Amino acid sequence: IKVDNVTLNESVLSNWREKVGLVSQDILLQNDSLINNLTFGLDKFKKKDINKALVEAGCSDFIKDLPDGLNTYIGENGIKLSGGQQQRITLARCILTNPEIIILDEATSNLDVYTEKIVNKNIINLKNKKTLIVIAHRLSTIIEANKIVFLKKGIIKDIDSHKNLIKKNMDYKEMVRGQFLDSN
């Protein structure tokens, strides 16, 4: 595997880790304030960077409604927030670390359809700024991707855009139909 023409095993592991951010379906939030959850593990951060990350992750709308804004305690694993709010906070934390590559591993799998649309909109906005690797079973999460790696039973069956896969790969087209997406 190469990143910017450098083989991963040639690069220093800590340098590689700084370049990659992860947003998983398994959310890890502390029983602490929202601001402390956002900045956990960060040595330096600026208020403008926090605000930018919150906007890019679609968090600003619900944070203003919290009783203490960013100082609101969110409970163990963010229990005082909805699933979509938790996911957007996790995305904001990732954006705040400013990685070159963001891996989204089933990041919308536990969201309702309305919240998924909000998160997907934020993901689409990020694709022009970062390299995104999106792992998803829900095709609505990846439909705007430049390249989709279509796997079946763990084997790569095709690599192309959504539009081209619909035209040439019947298995992919059937999956799209099964998820009630536009297959044209």
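Ile148 has a relative accessibility of 4% and therefore counts as buried, the cut-off being under 20%. The residue belongs to strand β6, in what is a predicted model. Setting aside neighbours within four places in sequence, Ile148 is in contact with eight residues named below, one of which, Tyr172, is also among the buried residues of helix α9.

**Surroundings of Ile148**

- Outside its immediate sequence neighbourhood of four places, Ile148 contacts Ile142, Asp158, Ile159, Asp160, Ser161, His162, Leu165 and Tyr172.
- Between the C-alpha atoms of Ile148 and Asp105 the separation is 14 Å, with the two positions 43 residues apart along the chain as a sequence offset.

**Helix α9**

- Helix α9 spans residues 170-178, and its buried residues are Tyr172, Lys173 and Val176.
- These residues lie on the same side of α9, because the arc they cover around the axis is only 100 degrees.
- An α-helix has 3.6 residues a turn, so residues three or four places apart point the same way.
- Exposed residues Met170 and Gly178 are carried on the face of α9 that is turned away from the buried side.
- The packing partners of the buried residues of α9 are α7 (139-142), β6 (148-152) and α8 (162-168).
- At the start of α9, the backbone nitrogen of Asp171 has a side-chain oxygen of Asn169 within 3.0 Å.
- Just after α9, Phe180 adopts a positive phi of about 60 degrees.

**Helix α3**

- The buried residues of α3 include Ile50, Ala53, Leu54 and Glu56.
- They share the same side of α3, because they cover an arc of only 165 degrees around the axis.
- Lys47, Lys48, Lys52 and Val55 are exposed residues on the face of α3 turned away from its buried side.
- The buried residues of α3 pack against α2, α4, α5 and α6.
- Gly58 follows α3 and has a positive phi, near 75 degrees.

**Helix pairs**

- Two packed helices are described by the angle between their axes and the distance between the axes.
- Helix α3 (residues 47-56) packs with α5 at an angle of about 135 degrees, and their axes are 8 Å apart.
- That angle makes α3 oblique to α5, and the crossing of this pair is right-handed.
- On the α3 side, Asp49, Ile50, Ala53, Leu54 and Glu56 take part, and they meet Ile89, Ala92, Ile95 and Leu96 in α5.
- The axes of α5 (residues 83-96) and α6 (residues 113-126) come within 10 Å and cross at roughly 15 degrees.
- Helices α5 and α6 are therefore roughly parallel to each other, as angles under 35 degrees count as such.
- The crossing in which α5 passes α6 is left-handed.
- Gly84, Arg88, Leu91 and Ile95 of α5 make this contact with Thr115, Ile118, Val119, Asn122 and Leu126 of α6.
- Ile95 of α5 thus appears in the contact with α3 and in the contact with α6.

**Loop residues**

- Ser33 is located in the loop between β3 (20-24) and α2 (34-38), and it counts as buried at 4% relative accessibility.
- The side chain of Ser33 reaches the backbone nitrogen of Asn36 at 3.1 Å.
- Apart from neighbours within four places in sequence, Ser33 contacts Leu70, Asn71, Thr72 and Tyr73.
- Leu81 occupies the loop between α4 (60-63) and α5, and its relative accessibility of 7% makes it buried.
- Not counting residues up to four places away in sequence, Leu81 touches Leu34, Phe62, Leu66, Ile74, Gln86 and Ile89.
- Leu81 and Val176 are 95 residues apart along the chain, and 32 Å separates their C-alpha atoms.
- Asp43 is placed in the loop between α2 and α3, and at 79% relative accessibility Asp43 counts as exposed.
- From C-alpha to C-alpha, Asp43 and Asn125 are 27 Å apart in space, while in sequence they are 82 residues apart.

Terms used: Residues are numbered from 1 along each chain as its sequence is written. This is a predicted model: local features need pLDDT of at least 70, side-chain atom pairs count only at pLDDT 80 or more; totals for chains, interfaces and linings use all residues. Side-chain values use heavy atoms; hydrogens and water are left out. Buried means under 20% relative accessible area, exposed over 50%, partly exposed in between (1.4 Å probe, protein chains only). Helices (H or I, at least four residues) and strands (E, at least two) are DSSP runs, numbered from the N terminus. The arc is that of the directions from the helix axis to the C-beta atoms. Contact means heavy atoms within 4.5 Å. A polar contact is a pair of N or O atoms within 3.5 Å; within protein, one must be able to donate a hydrogen and the other to accept it, and residues adjacent in sequence count only if both atoms are side-chain atoms. Axes are lines fitted to C-alpha atoms, for helices over the stretch in contact, and angles run from 0 to 180 degrees between N-to-C directions. Angles under 35 degrees count as roughly parallel, over 145 as roughly antiparallel, 65 to 115 as roughly perpendicular and the rest as oblique. A crossing is left-handed if the near helix is turned anticlockwise from the far one by less than a right angle, and right-handed if clockwise.
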